[in-house]
Amino acid sequence: MAVAAVHVLVFPWPLQGHINTFVPFSKALVNSGVHVTFLHTDHNLRRVRCTAAAPRLRYLSIPDGLPDDHPRSVGDIFTLMESMSTTGSAAYRALLLSLLSPGSGGEFPPVTCVVADGIMLFAIDIAEELGVPVLAFRTASANSFSAYLAVPRLLELGETPLPVDDTVHGVPGMEGFLRRRDLPRLAPAADGHPTESAAAAGVHPLLLTMAKGIADCGRTRALVLNTAASLEGSAVAHISPHMRDVFAIGPLHAMSAVPGPAASLWREDDGCVAWLDGHADRSVVYVSLGSLTHIWHHEFTEFLLGLLATGYPFLWVLRPDMVGAAEEAALRGAVGDGSKVRVVEWAPQRDVLRHRAVGCFLTHSGWNSTMESILEGVPMVCWPFFADQHINSRFVHAVWRAGLDMKDVCDRSTVTSMVTEAMESSEIRQSVQALAQRVKRDVAAGGSSDAEFKRLVGFIAEHSAMARHQAHTPVITNGDVRHQD
Ligand code: UDP
(Lines give C-alpha, C1' and ligand atoms only; values in the text may rest on other atoms or scores of the structure.)
Protein backbone atom coordinates (compact mmCIF):
# COMPACT_ATOMS: atom_id res chain seq x y z
CA MET A 1 0.00 0.00 0.00
CA ALA A 2 1.28 3.48 -0.85
CA VAL A 3 2.39 5.21 2.32
CA ALA A 4 0.18 8.24 1.56
CA ALA A 5 -2.89 5.96 1.74
CA VAL A 6 -1.95 4.91 5.26
CA HIS A 7 -3.86 6.78 7.94
CA VAL A 8 -3.00 6.12 11.57
CA LEU A 9 -5.27 7.14 14.42
CA VAL A 10 -3.04 7.70 17.46
CA PHE A 11 -4.73 7.75 20.82
CA PRO A 12 -2.68 8.56 23.94
CA TRP A 13 -3.90 8.10 27.50
CA PRO A 14 -4.92 11.71 28.27
CA LEU A 15 -2.12 12.67 30.67
CA GLN A 16 0.88 14.92 30.01
CA GLY A 17 3.64 12.29 30.03
CA HIS A 18 1.72 10.13 27.54
CA ILE A 19 0.88 13.08 25.29
CA ASN A 20 4.55 14.11 25.31
CA THR A 21 5.49 10.72 23.90
CA PHE A 22 2.72 10.57 21.30
CA VAL A 23 3.37 14.06 19.88
CA PRO A 24 6.90 13.37 18.55
CA PHE A 25 5.72 9.89 17.54
CA SER A 26 2.97 11.45 15.40
CA LYS A 27 5.35 13.97 13.89
CA ALA A 28 7.78 11.21 12.98
CA LEU A 29 4.97 9.21 11.35
CA VAL A 30 3.88 12.27 9.36
CA ASN A 31 7.48 12.86 8.24
CA SER A 32 7.53 9.33 6.89
CA GLY A 33 4.60 10.19 4.62
CA VAL A 34 1.56 8.74 6.39
CA HIS A 35 -1.56 10.62 7.54
CA VAL A 36 -2.10 10.91 11.30
CA THR A 37 -5.17 11.81 13.32
CA PHE A 38 -4.17 12.59 16.90
CA LEU A 39 -7.00 11.90 19.31
CA HIS A 40 -7.11 14.12 22.40
CA THR A 41 -9.88 14.43 24.95
CA ASP A 42 -12.01 17.58 24.57
CA HIS A 43 -10.68 18.81 27.91
CA ASN A 44 -7.03 18.42 26.89
CA LEU A 45 -7.48 19.77 23.38
CA ARG A 46 -8.84 22.98 24.93
CA ARG A 47 -5.87 23.14 27.30
CA VAL A 48 -3.14 22.53 24.74
CA ARG A 49 -4.68 25.19 22.51
CA CYS A 50 -3.38 23.51 19.36
CA THR A 51 -5.13 24.17 16.12
CA ALA A 52 -2.43 24.47 13.48
CA ALA A 53 -1.40 20.93 12.63
CA ALA A 54 1.22 20.05 10.02
CA PRO A 55 0.18 18.74 6.60
CA ARG A 56 -1.18 15.19 7.04
CA LEU A 57 -1.58 15.75 10.82
CA ARG A 58 -4.78 16.81 12.53
CA TYR A 59 -6.15 16.85 16.05
CA LEU A 60 -9.59 15.54 16.93
CA SER A 61 -11.12 14.98 20.34
CA ILE A 62 -13.70 13.02 22.25
CA PRO A 63 -15.24 13.66 25.68
CA ASP A 64 -13.59 11.95 28.65
CA GLY A 65 -16.90 12.01 30.52
CA LEU A 66 -15.74 14.18 33.43
CA PRO A 67 -16.90 17.70 34.29
CA ASP A 68 -14.46 20.39 33.17
CA ASP A 69 -13.48 21.36 36.72
CA HIS A 70 -12.56 17.77 37.70
CA PRO A 71 -8.86 17.71 38.72
CA ARG A 72 -7.98 14.59 36.71
CA SER A 73 -5.13 14.14 39.18
CA VAL A 74 -3.30 10.94 39.97
CA GLY A 75 -5.38 10.41 43.11
CA ASP A 76 -8.52 10.33 40.95
CA ILE A 77 -7.06 8.20 38.22
CA PHE A 78 -9.70 5.51 38.64
CA THR A 79 -12.49 7.98 38.00
CA LEU A 80 -10.73 8.95 34.78
CA MET A 81 -10.22 5.29 33.84
CA GLU A 82 -13.84 4.54 34.52
CA SER A 83 -15.20 7.48 32.54
CA MET A 84 -12.78 6.90 29.66
CA SER A 85 -13.82 3.27 29.40
CA THR A 86 -17.53 4.22 29.34
CA THR A 87 -18.24 7.68 27.89
CA GLY A 88 -14.82 7.96 26.19
CA SER A 89 -15.02 4.47 24.78
CA ALA A 90 -18.47 5.00 23.21
CA ALA A 91 -17.37 8.29 21.64
CA TYR A 92 -14.14 6.70 20.35
CA ARG A 93 -16.07 3.83 18.78
CA ALA A 94 -18.46 6.19 16.99
CA LEU A 95 -15.60 8.40 15.78
CA LEU A 96 -13.47 5.50 14.55
CA LEU A 97 -16.43 4.00 12.73
CA SER A 98 -17.08 7.31 10.98
CA LEU A 99 -13.41 7.65 10.01
CA LEU A 100 -13.47 4.29 8.22
CA SER A 101 -15.75 5.55 5.46
CA PRO A 102 -14.11 6.90 2.32
CA GLY A 103 -14.64 10.64 2.00
CA SER A 104 -15.36 11.09 5.72
CA GLY A 105 -12.15 12.93 6.50
CA GLY A 106 -11.77 15.58 3.79
CA GLU A 107 -8.27 15.16 2.39
CA PHE A 108 -7.53 12.35 4.81
CA PRO A 109 -7.96 8.78 3.56
CA PRO A 110 -10.01 6.36 5.74
CA VAL A 111 -8.23 5.25 8.92
CA THR A 112 -6.19 2.11 8.21
CA CYS A 113 -4.50 1.49 11.57
CA VAL A 114 -4.77 2.50 15.23
CA VAL A 115 -1.87 2.98 17.63
CA ALA A 116 -3.48 3.24 21.06
CA ASP A 117 -1.96 3.74 24.46
CA GLY A 118 -1.67 0.24 25.88
CA ILE A 119 -3.35 1.46 29.09
CA MET A 120 -6.64 1.70 27.19
CA LEU A 121 -7.49 -1.88 26.36
CA PHE A 122 -10.96 -0.77 25.29
CA ALA A 123 -9.40 1.23 22.44
CA ILE A 124 -7.55 -1.88 21.32
CA ASP A 125 -10.57 -4.18 21.48
CA ILE A 126 -12.85 -1.75 19.66
CA ALA A 127 -10.38 -1.24 16.80
CA GLU A 128 -9.99 -4.99 16.28
CA GLU A 129 -13.76 -5.47 16.47
CA LEU A 130 -14.13 -2.91 13.67
CA GLY A 131 -11.49 -4.71 11.61
CA VAL A 132 -8.79 -2.07 12.08
CA PRO A 133 -5.28 -3.36 12.85
CA VAL A 134 -4.16 -2.04 16.22
CA LEU A 135 -0.80 -1.69 17.94
CA ALA A 136 -0.29 -0.99 21.65
CA PHE A 137 2.07 1.80 22.67
CA ARG A 138 3.30 1.74 26.27
CA THR A 139 4.98 4.99 27.24
CA ALA A 140 6.71 3.80 30.42
CA SER A 141 10.12 2.14 30.46
CA ALA A 142 10.71 -1.34 29.02
CA ASN A 143 12.27 -2.29 32.36
CA SER A 144 8.98 -1.63 34.15
CA PHE A 145 7.05 -3.47 31.44
CA SER A 146 9.31 -6.46 31.96
CA ALA A 147 8.81 -6.27 35.74
CA TYR A 148 5.00 -6.22 35.34
CA LEU A 149 5.19 -9.18 32.97
CA ALA A 150 7.07 -11.00 35.72
CA VAL A 151 4.38 -10.39 38.38
CA PRO A 152 3.11 -14.02 38.42
CA ARG A 153 6.68 -15.24 39.05
CA LEU A 154 7.30 -12.48 41.61
CA LEU A 155 4.18 -13.56 43.51
CA GLU A 156 5.32 -17.17 43.49
CA LEU A 157 8.58 -16.04 45.04
CA GLY A 158 6.89 -13.68 47.50
CA GLU A 159 8.76 -10.74 45.97
CA THR A 160 6.21 -7.92 46.20
CA PRO A 161 7.04 -4.20 46.10
CA LEU A 162 8.08 -3.03 49.56
CA PRO A 163 10.64 -0.46 50.74
CA VAL A 164 13.21 -3.09 51.77
CA ASP A 165 16.60 -4.08 50.36
CA ASP A 166 15.87 -7.78 49.68
CA THR A 167 17.13 -8.74 46.25
CA VAL A 168 14.55 -9.79 43.66
CA HIS A 169 15.09 -12.92 41.56
CA GLY A 170 11.84 -12.98 39.60
CA VAL A 171 12.55 -10.38 36.91
CA PRO A 172 14.64 -11.91 34.13
CA GLY A 173 17.91 -10.12 33.46
CA MET A 174 17.69 -8.02 36.63
CA GLU A 175 18.70 -10.65 39.17
CA GLY A 176 21.36 -9.44 41.53
CA PHE A 177 20.77 -5.71 41.56
CA LEU A 178 17.00 -5.17 41.59
CA ARG A 179 15.59 -4.91 45.12
CA ARG A 180 12.01 -5.09 46.33
CA ARG A 181 12.13 -1.32 46.85
CA ASP A 182 12.85 -0.91 43.10
CA LEU A 183 9.75 -2.75 41.87
CA PRO A 184 6.96 -0.66 40.28
CA ARG A 185 4.70 0.74 42.97
CA LEU A 186 1.14 1.97 42.99
CA ALA A 187 0.12 5.60 43.12
CA PRO A 188 -1.46 6.89 46.34
CA ALA A 189 -5.25 6.72 46.45
CA ALA A 190 -7.43 9.84 46.27
CA ASP A 191 -7.55 10.03 50.07
CA GLY A 192 -3.77 10.33 50.06
CA HIS A 193 -3.34 7.01 51.82
CA PRO A 194 -0.23 5.29 50.46
CA THR A 195 -1.22 2.08 48.76
CA GLU A 196 2.01 0.39 49.88
CA SER A 197 0.38 -0.36 53.23
CA ALA A 198 -2.33 -2.27 51.40
CA ALA A 199 0.31 -4.09 49.40
CA ALA A 200 2.18 -4.90 52.60
CA ALA A 201 -0.88 -6.63 53.95
CA GLY A 202 -1.08 -8.89 50.93
CA VAL A 203 -1.10 -8.29 47.20
CA HIS A 204 -2.90 -5.20 46.13
CA PRO A 205 -5.52 -6.11 43.49
CA LEU A 206 -4.43 -3.14 41.41
CA LEU A 207 -0.98 -4.67 40.97
CA LEU A 208 -2.64 -7.71 39.44
CA THR A 209 -4.80 -5.50 37.23
CA MET A 210 -1.73 -3.60 36.03
CA ALA A 211 0.11 -6.84 35.36
CA LYS A 212 -2.84 -8.24 33.40
CA GLY A 213 -3.07 -5.03 31.37
CA ILE A 214 0.60 -5.36 30.45
CA ALA A 215 0.26 -9.03 29.47
CA ASP A 216 -2.85 -8.19 27.41
CA CYS A 217 -0.74 -5.99 25.12
CA GLY A 218 0.26 -9.35 23.63
CA ARG A 219 -3.19 -9.49 22.03
CA THR A 220 -2.30 -6.63 19.66
CA ARG A 221 -0.39 -6.88 16.40
CA ALA A 222 2.68 -5.36 18.06
CA LEU A 223 3.98 -3.47 21.05
CA VAL A 224 5.67 -0.09 20.58
CA LEU A 225 8.08 1.16 23.24
CA ASN A 226 9.71 4.55 23.60
CA THR A 227 13.16 3.24 24.39
CA ALA A 228 16.53 2.53 22.85
CA ALA A 229 18.74 -0.52 22.60
CA SER A 230 21.56 1.11 24.54
CA LEU A 231 19.20 1.90 27.42
CA GLU A 232 16.96 -1.14 27.70
CA GLY A 233 18.01 -3.66 25.04
CA SER A 234 18.02 -6.46 27.59
CA ALA A 235 14.45 -5.77 28.80
CA VAL A 236 13.21 -5.52 25.21
CA ALA A 237 14.76 -8.92 24.48
CA HIS A 238 12.99 -10.41 27.51
CA ILE A 239 9.65 -8.86 26.49
CA SER A 240 9.78 -10.00 22.85
CA PRO A 241 8.78 -13.66 23.34
CA HIS A 242 5.57 -12.50 25.08
CA MET A 243 4.45 -10.22 22.21
CA ARG A 244 3.69 -10.78 18.54
CA ASP A 245 6.27 -8.11 17.67
CA VAL A 246 8.08 -5.34 19.53
CA PHE A 247 9.41 -2.02 18.24
CA ALA A 248 11.90 -0.03 20.35
CA ILE A 249 11.88 3.35 18.62
CA GLY A 250 12.95 5.91 21.19
CA PRO A 251 13.70 8.29 22.65
CA LEU A 252 11.14 9.86 20.33
CA HIS A 253 11.66 13.38 21.63
CA ALA A 254 15.16 13.22 20.17
CA MET A 255 13.66 12.80 16.70
CA SER A 256 11.92 16.18 16.59
CA ALA A 257 12.30 19.77 17.68
CA VAL A 258 11.19 20.74 21.18
CA PRO A 259 7.44 20.15 21.52
CA GLY A 260 5.91 23.62 21.71
CA PRO A 261 2.68 24.63 23.39
CA ALA A 262 0.90 22.03 21.25
CA ALA A 263 1.96 19.43 23.80
CA SER A 264 1.75 21.28 27.11
CA LEU A 265 -1.28 21.19 29.38
CA TRP A 266 0.22 23.98 31.50
CA ARG A 267 1.48 27.36 30.33
CA GLU A 268 5.28 27.31 30.33
CA ASP A 269 7.08 30.03 32.25
CA ASP A 270 8.88 32.01 29.56
CA GLY A 271 11.24 33.74 31.98
CA CYS A 272 13.15 30.78 33.34
CA VAL A 273 15.53 30.39 30.40
CA ALA A 274 16.46 34.09 30.67
CA TRP A 275 16.96 33.54 34.41
CA LEU A 276 19.30 30.63 33.62
CA ASP A 277 21.22 32.86 31.18
CA GLY A 278 22.31 34.92 34.18
CA HIS A 279 23.99 31.97 35.89
CA ALA A 280 27.38 30.33 35.51
CA ASP A 281 27.86 27.04 33.66
CA ARG A 282 26.63 23.99 35.60
CA SER A 283 25.81 26.04 38.67
CA VAL A 284 22.01 25.54 38.87
CA VAL A 285 19.99 22.61 40.22
CA TYR A 286 16.79 21.97 38.24
CA VAL A 287 14.00 20.44 40.33
CA SER A 288 10.85 18.98 38.77
CA LEU A 289 8.69 16.11 39.88
CA GLY A 290 6.68 15.75 36.68
CA SER A 291 3.05 16.33 35.85
CA LEU A 292 1.27 14.09 38.40
CA THR A 293 3.11 13.82 41.69
CA HIS A 294 1.90 15.34 44.90
CA ILE A 295 4.48 16.34 47.48
CA TRP A 296 3.68 16.05 51.21
CA HIS A 297 4.43 18.98 53.46
CA HIS A 298 7.28 17.27 55.34
CA GLU A 299 8.90 16.21 52.03
CA PHE A 300 8.56 19.72 50.70
CA THR A 301 10.26 21.12 53.82
CA GLU A 302 13.15 18.64 53.62
CA PHE A 303 13.64 19.36 49.93
CA LEU A 304 13.60 23.09 50.46
CA LEU A 305 15.99 23.10 53.41
CA GLY A 306 18.26 20.51 51.78
CA LEU A 307 18.46 22.51 48.56
CA LEU A 308 19.12 25.80 50.36
CA ALA A 309 21.94 24.14 52.30
CA THR A 310 23.75 23.16 49.09
CA GLY A 311 24.35 26.84 48.35
CA TYR A 312 23.57 26.29 44.65
CA PRO A 313 20.92 28.38 42.92
CA PHE A 314 17.90 26.28 42.00
CA LEU A 315 14.94 26.37 39.63
CA TRP A 316 11.97 24.49 41.05
CA VAL A 317 8.80 23.52 39.17
CA LEU A 318 5.87 23.46 41.56
CA ARG A 319 2.54 23.03 39.81
CA PRO A 320 -0.33 24.95 41.41
CA ASP A 321 -1.93 21.65 42.50
CA MET A 322 1.27 20.63 44.36
CA VAL A 323 1.45 23.36 46.95
CA GLY A 324 -0.83 24.79 49.62
CA ALA A 325 -0.71 28.01 51.64
CA ALA A 326 1.93 26.69 54.07
CA GLU A 327 4.35 25.78 51.28
CA GLU A 328 3.74 29.09 49.52
CA ALA A 329 4.63 31.02 52.64
CA ALA A 330 7.86 29.02 53.10
CA LEU A 331 8.74 29.57 49.45
CA ARG A 332 8.21 33.32 49.63
CA GLY A 333 10.81 33.43 52.40
CA ALA A 334 13.27 31.27 50.44
CA VAL A 335 12.91 33.04 47.10
CA GLY A 336 13.95 36.43 48.48
CA ASP A 337 14.94 38.70 45.57
CA GLY A 338 14.72 35.73 43.15
CA SER A 339 18.38 35.75 42.18
CA LYS A 340 19.23 32.38 43.73
CA VAL A 341 15.87 30.64 43.80
CA ARG A 342 13.25 30.64 41.09
CA VAL A 343 9.93 28.84 41.39
CA VAL A 344 7.72 28.32 38.35
CA GLU A 345 4.46 26.48 37.75
CA TRP A 346 5.68 24.76 34.56
CA ALA A 347 8.98 25.00 32.70
CA PRO A 348 10.05 24.38 29.12
CA GLN A 349 11.87 21.34 30.47
CA ARG A 350 13.86 20.34 27.44
CA ASP A 351 15.18 23.90 26.99
CA VAL A 352 16.08 23.96 30.68
CA LEU A 353 17.90 20.62 30.58
CA ARG A 354 19.96 21.61 27.57
CA HIS A 355 20.91 24.96 29.11
CA ARG A 356 24.63 25.28 29.94
CA ALA A 357 23.78 26.62 33.45
CA VAL A 358 22.04 23.42 34.60
CA GLY A 359 24.32 21.17 36.64
CA CYS A 360 21.94 18.46 37.82
CA PHE A 361 18.29 17.42 37.79
CA LEU A 362 16.40 16.48 40.93
CA THR A 363 13.69 14.36 39.32
CA HIS A 364 10.83 11.99 40.11
CA SER A 365 12.30 9.61 37.48
CA GLY A 366 9.34 9.65 35.10
CA TRP A 367 10.41 7.92 31.91
CA ASN A 368 10.28 11.04 29.71
CA SER A 369 12.22 13.10 32.24
CA THR A 370 14.80 10.35 32.63
CA MET A 371 15.44 10.10 28.89
CA GLU A 372 15.40 13.89 28.44
CA SER A 373 18.06 14.24 31.13
CA ILE A 374 20.19 11.44 29.70
CA LEU A 375 20.05 12.93 26.19
CA GLU A 376 21.33 16.25 27.53
CA GLY A 377 24.00 14.53 29.62
CA VAL A 378 22.63 15.96 32.89
CA PRO A 379 23.27 13.94 36.09
CA MET A 380 20.17 13.09 38.13
CA VAL A 381 19.19 12.80 41.76
CA CYS A 382 16.11 10.58 41.86
CA TRP A 383 13.14 10.83 44.18
CA PRO A 384 10.62 8.37 42.67
CA PHE A 385 6.93 8.29 43.63
CA PHE A 386 5.09 5.50 41.78
CA ALA A 387 4.64 3.42 38.60
CA ASP A 388 7.90 2.85 36.70
CA GLN A 389 9.76 5.55 38.62
CA HIS A 390 11.33 3.22 41.22
CA ILE A 391 12.81 0.89 38.65
CA ASN A 392 13.95 3.79 36.46
CA SER A 393 15.80 5.39 39.36
CA ARG A 394 17.49 2.06 40.17
CA PHE A 395 18.79 1.86 36.61
CA VAL A 396 19.92 5.51 36.71
CA HIS A 397 22.03 4.75 39.76
CA ALA A 398 23.11 1.13 39.62
CA VAL A 399 23.25 0.35 35.89
CA TRP A 400 23.76 3.54 33.91
CA ARG A 401 25.69 5.39 36.66
CA ALA A 402 23.89 8.51 35.47
CA GLY A 403 22.95 9.78 38.91
CA LEU A 404 22.02 8.91 42.48
CA ASP A 405 18.91 7.21 43.82
CA MET A 406 17.46 8.85 46.91
CA LYS A 407 14.33 6.69 47.07
CA ASP A 408 12.62 6.11 50.41
CA VAL A 409 14.99 8.44 52.29
CA CYS A 410 13.95 12.05 52.27
CA ASP A 411 15.75 14.20 54.78
CA ARG A 412 17.49 17.51 54.29
CA SER A 413 21.01 16.15 54.81
CA THR A 414 20.50 13.41 52.18
CA VAL A 415 19.12 15.99 49.75
CA THR A 416 22.14 18.23 50.37
CA SER A 417 24.76 15.50 50.08
CA MET A 418 23.28 13.80 46.99
CA VAL A 419 22.66 17.05 45.12
CA THR A 420 26.20 18.22 45.93
CA GLU A 421 27.66 14.91 44.73
CA ALA A 422 25.62 14.96 41.51
CA MET A 423 26.73 18.55 40.85
CA GLU A 424 30.39 17.85 41.49
CA SER A 425 31.09 14.26 40.49
CA SER A 426 33.03 14.15 37.22
CA GLU A 427 32.55 10.37 37.19
CA ILE A 428 28.74 10.65 37.06
CA ARG A 429 28.89 13.44 34.49
CA GLN A 430 31.21 11.46 32.21
CA SER A 431 29.08 8.39 32.55
CA VAL A 432 25.80 10.14 31.65
CA GLN A 433 27.47 11.97 28.78
CA ALA A 434 28.86 8.72 27.37
CA LEU A 435 25.38 7.21 27.62
CA ALA A 436 23.94 10.25 25.82
CA GLN A 437 26.31 9.59 22.92
CA ARG A 438 25.24 5.95 22.69
CA VAL A 439 21.55 6.87 22.73
CA LYS A 440 22.10 9.59 20.12
CA ARG A 441 23.67 6.95 17.89
CA ASP A 442 20.55 4.79 18.36
CA VAL A 443 18.26 7.54 17.05
CA ALA A 444 20.60 8.83 14.32
CA ALA A 445 20.21 7.61 10.73
CA GLY A 446 21.16 3.94 10.63
CA GLY A 447 20.93 3.51 14.42
CA SER A 448 18.79 0.83 16.05
CA SER A 449 15.83 3.09 16.93
CA ASP A 450 15.89 4.68 13.49
CA ALA A 451 15.90 1.24 11.85
CA GLU A 452 13.09 0.03 14.13
CA PHE A 453 11.02 3.11 13.35
CA LYS A 454 11.37 2.45 9.60
CA ARG A 455 10.44 -1.20 10.18
CA LEU A 456 7.39 0.01 12.13
CA VAL A 457 6.22 2.23 9.28
CA GLY A 458 6.55 -0.76 6.91
CA PHE A 459 4.68 -2.97 9.39
CA ILE A 460 1.84 -0.45 9.68
CA ALA A 461 1.62 -0.13 5.88
CA GLU A 462 1.56 -3.91 5.47
CA HIS A 463 -1.14 -4.44 8.10
CA SER A 464 -3.13 -1.51 6.68
CA ALA A 465 -3.03 -3.16 3.25
CA MET A 466 -4.08 -6.53 4.66
CA ALA A 467 -7.04 -4.96 6.44
CA ARG A 468 -8.08 -3.06 3.33
CA HIS A 469 -7.82 -6.26 1.27
CA GLN A 470 -9.99 -8.19 3.75
CA ALA A 471 -12.55 -5.39 3.72
CA HIS A 472 -12.88 -5.88 -0.04
CA THR A 473 -12.67 -9.65 -0.17
CA PRO A 474 -15.97 -11.19 -1.36
CA VAL A 475 -17.67 -13.35 1.25
CA ILE A 476 -20.06 -16.10 0.14
CA THR A 477 -23.07 -16.60 2.42
CA ASN A 478 -26.01 -18.84 1.45
CA GLY A 479 -24.96 -18.67 -2.16
CA ASP A 480 -24.96 -14.85 -2.20
CA VAL A 481 -21.78 -12.97 -2.85
CA ARG A 482 -21.30 -9.77 -0.86
CA HIS A 483 -18.39 -7.63 0.15
CA GLN A 484 -17.36 -7.39 3.77
CA ASP A 485 -17.92 -3.97 5.19
N1 UDP B 1 7.60 18.73 31.76
C2 UDP B 1 7.66 20.00 31.25
N3 UDP B 1 7.74 21.04 32.12
C4 UDP B 1 7.75 20.86 33.46
C5 UDP B 1 7.69 19.56 33.98
C6 UDP B 1 7.63 18.50 33.10
O7 UDP B 1 7.67 20.21 30.03
O8 UDP B 1 7.80 21.87 34.18
C9 UDP B 1 7.49 17.60 30.80
C10 UDP B 1 8.76 16.80 30.77
O11 UDP B 1 9.68 17.38 29.85
C12 UDP B 1 8.25 15.41 30.38
C13 UDP B 1 6.83 15.37 30.92
O14 UDP B 1 6.48 16.71 31.23
O15 UDP B 1 8.24 15.28 28.97
C16 UDP B 1 6.68 14.53 32.16
O17 UDP B 1 6.72 13.19 31.79
P18 UDP B 1 7.40 12.10 32.71
O19 UDP B 1 7.29 10.79 32.01
O20 UDP B 1 8.77 12.50 33.09
O21 UDP B 1 6.57 12.11 34.04
P22 UDP B 1 4.99 12.12 34.40
O23 UDP B 1 4.58 13.53 34.40
O24 UDP B 1 4.30 11.29 33.33
O25 UDP B 1 4.96 11.51 35.74
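**Exercise 1.** Where does the shell around the ligand lie relative to domain 1 and domain 2?

*Solution.* The model is a predicted one. Step 1: take the domain assignment of the protein chain, which gives domain 1 as 3-139 + 444-483 and domain 2 as 271-439. Step 2: look at which domains give residues to the shell; domain 1 and domain 2 both do, so the shell lies between them. Step 3: list the residues that come nearest to the ligand. Of the 17 residues around the ligand, these are G17, G290, S291, G366 and S369.

**Exercise 2.** Find which helix gives the largest share of the shell around the ligand, then sort the shell by class.

*Solution.* Step 1: at least two shell residues each come from helix 1 (16-31), helix 13 (349-353) and helix 14 (367-375). Step 2: helix 14 has the largest share, with four residues. Step 3: by class, the shell holds ten polar, five nonpolar and two charged residues.

**Exercise 3.** Describe the contact between domain 1 and domain 2.

*Solution.* Step 1: the C-alpha centres of the two domains are 34 Å apart. Step 2: domain 1 puts nine residues into the contact and domain 2 puts in seven residues. Step 3: on the side of domain 1 that touches domain 2, six residues are polar, three are nonpolar and none is charged.

**Exercise 4.** How do helix 5 and helix 8 pack?

*Solution.* Step 1: helix 5 (residues 142-149) and helix 8 (residues 205-216) meet at an angle of about 110°, and their axes are 8 Å apart. Step 2: helix 5 is therefore roughly perpendicular to helix 8. Step 3: F145, Y148 and L149 of helix 5 make the contact with M210, A211, I214 and A215 of helix 8. Step 4: by class, this contact has seven nonpolar residues, with no polar and no charged ones.

Definitions and conventions:
Residues numbered from 1 in each chain as written. Predicted model: local features only at pLDDT ≥ 70, side-chain atom pairs only at ≥ 80, totals over all residues. Domains from an automatic or database assignment. Contact = placed C-beta atoms within 7 Å. Nonpolar A, V, L, I, M, F, W, Y, C, P; charged D, E, K, R; others polar. Near = placed C-beta within 6 Å. Axes fitted to C-alpha atoms, helices over the stretch in contact; angles between N-to-C directions. Parallel < 35°, antiparallel > 145°, perpendicular 65-115°, else oblique.
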